[in-house]
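Some questions follow on how the descriptions of this model are justified. Please have the sequence and the structure at hand.

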Amino acid sequence: MSTAVASAEQVLYRPEEAAIVLRIGRSMVYEEIRLGRLQTVRIGRRRLVPPDYIAEYVELLKREARATA
């Protein structure tokens, strides 16, 4: 990875990278994508997760936590 890319803010995450950011397992990310809870964009056959979709997913988790508390 070049220095310019490494220092730039990441725009799209692979599901495996999203799992690291969210601190959950890779299979959990794919399950949440399958359920429609974590949105993705498609480029060709690849599924990628923009950071704002990760933030929306975290907000969903917060709302669910408040609803069950």
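Q: What pattern does the chain follow, read along the sequence?
A: In this predicted model, the order along the sequence is α-α-α-β-β-α. That order comprises four helices and two strands.

Q: Why are Val29, Glu32 and Ile33 of helix H3 called buried?
A: A residue is called buried if its relative accessible area is under 20%. Val29, Glu32 and Ile33 are the residues of H3 (residues 26-34) that count as buried, so each of them falls under that cut-off.

Q: What puts these buried residues on the same side of H3?
A: They span an arc of only 105° around the axis, which is why they share a side of H3. An α-helix has 3.6 residues a turn, so residues three or four places apart point the same way.

Q: Which residues lie exposed on the other side of H3?
A: Ser27 and Arg34 are exposed there. Exposed requires a relative accessible area over 50%, so Ser27 and Arg34 exceed that value.

Q: What do the buried residues of H3 pack against?
A: Their partners are helix H2 (15-22), strand E2 (46-48) and helix H4 (51-68). Contact means heavy atoms within 4.5 Å.

Q: What is the phi of Gly36, which follows H3?
A: The phi of Gly36 is positive, near 85°.

Q: How many of the residues of the chain, as a percentage, count as buried?
A: Of its 69 residues, 23% do. The chain exposes about 5200 Å², and carbon and sulfur atoms supply 55% of that area.

Terms used
Residues numbered from 1 in each chain as written. Predicted model: local features only at pLDDT ≥ 70, side-chain atom pairs only at ≥ 80, totals over all residues. Heavy atoms only, no water. Buried < 20%, exposed > 50% of the residue type's maximum accessible area, 1.4 Å probe, protein only. Areas by Shrake-Rupley, 256 points an atom, 1.4 Å probe, with all protein chains shown as cover. Arc of directions from axis to C-beta.
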